[in-house]
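Colleague: I've just opened this one and don't know my way around yet. Could you walk me through how to read it?

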Amino acid sequence: MPTSPLQIRDFQLYWCARFAAVLATMGMVVIIGYQVYDVARADYGMSIREASLMLGLLGAFQFVPLALLTPVAGWTADRFERRTVARIANAIDMSVALGLGLATHLDLLTLPLLFTFAAMHGVARVFVGPAMSAITPNIVPPALLPKGIALSSIAWQSASVAGPALGGFLYAADPALPYWTATGLMLVAILCLTPVKRVVPPPIEGHPHPIRQMVDGLTYVRRHRFLLGAITLDLFAVLLGGATAMLPVFARDILHVGTEGLGLMRGAPAIGAALVAGWFAWSPLKNNVGIKMLWSVAAFGLLTILFGISKNFGLSLLVLAFLGAADMLSVYVRSSLVQLHTPDQMRGRVSAVSGLAISASNELGELQSGLAAALLGPVGAVVAGGGAAVIIAGAWSYLFPELKRAKTFDPPQDVLANTLMQEKPA
């Protein structure tokens, strides 16, 4: 009997695939954002506030396919072999990286072209998220799942540290090089997923019509207040409090550190997050998990305010690292609770709903940040967003008292009984 997910061969391959894919994506996304802002400023002659708005539109173009296709993606992850779905989605993202590399190399970049590739990237992400999330509980025993989620987060966070920094330095050497590298890494991710055992989801119960099955995921979350509270907490806190969209503005026109500094700023939150994830992989959180999640969201908001008012690059990096640590604590608790409070036959669709909330908080958060920056300036937008995140944490502790009452990661009896019934041989 394994005592760690890393002793399971399929999890090792899954971990490597996740690391390679996220490394590629994070290196690619940070350059897309910088190119949108730089093209808007240099080629279109926009002001700082106008170019900041373009960063908001970039988030909107990524969110639209996510909003439209999330129900389809969740149903797909619960209906088809999950490993295959993840490989196809990674192949779509690989084509995006290749196209961006060619456009950059041939100096064909325009704002419409960048927005188009961003939308294609959103299509890939909406399918890869639910499929990859739903694989983990099928290759890791329930007793090791919190450790598996922490280790999976280490893959994500460590790649999120290296990806932006790698992308920034590769861009300084050759603007197309980050995209060539991302293309190769996506191929590695696909090859690593190939030997993993087939992950066929259990039969879907209830209404057989695909549209109805998609809606069932949303209905399930809406009817379970605990899941609804956990998912929407992340949605609104990051939607209002995220500062990521404004990092190209801070790098180019406030802190004056260029793409290399942008890469370090994008990677700094992931350093803090990776350290927290590593600690939880070694010593999993056990007690008072719900209240700790709420406090971590409040800390996230306060640190966002501090980043907004900082004018020192070193201090900004330090604050971003602590911000990432607070965010990781929230993500670790929320991800574990959502997975363990959801029956296996619903995990793809619930993961899709959770993924939509995360994407909405990130991509719509970028749009919100862009609009706020156009009105308040980039510093004002970041400070106001951090204050809003603190308010959200306080409000959710009263609106969803179930979150405060979550003491451990133990699944509720109804979910546990449902899982045992699914695993019982016929």
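Modeller: Sure. Keep in mind that this is a predicted model. Let's pick one residue to begin: Val-289 is found in helix H11, which covers residues 289–309.

Colleague: Is Val-289 buried or exposed?

Modeller: We call a residue buried when its relative accessible area is under 20%. Val-289 has 0% relative accessibility, so it counts as buried. Its C-alpha is 9.1 Å from that of Leu-337, although the two are 48 residues apart in sequence.

Colleague: And the chain as a whole?

Modeller: It has 15 helices and 0 strands. Of its 426 residues, 58% are buried.

Colleague: How many salt bridges does a search of the whole structure find?

Modeller: Here's the general idea: side chains of opposite charge can pair when their charged atoms come close. In this structure the search finds 6 salt bridges. In one of them, Asp-38 pairs with Arg-252, with the closest N and O atoms 3.4 Å apart. Asp-38 sits in helix H1 and Arg-252 in helix H9, so this pair ties together parts that are 214 residues apart in sequence.

Colleague: Which residue forms a salt bridge with Arg-41?

Modeller: That's Asp-253, again with the closest N and O atoms 3.4 Å apart. This pair also links H1 and H9, across 212 residues. Another salt bridge joins Arg-225 and Glu-402, at 2.7 Å between the closest N and O atoms. Shared partners also join Asp-38, Arg-41, Arg-252 and Asp-253 into one salt-bridge network.

Notes
Residues numbered from 1 in each chain as written. Predicted model: local features only at pLDDT ≥ 70, side-chain atom pairs only at ≥ 80, totals over all residues. Heavy atoms only, no water. Helix = DSSP H or I, 4+ residues; strand = E, 2+ residues; numbered from the N terminus. Buried < 20%, exposed > 50% of the residue type's maximum accessible area, 1.4 Å probe, protein only. Salt bridge = Lys/Arg side-chain N within 4 Å of Asp/Glu carboxyl O.
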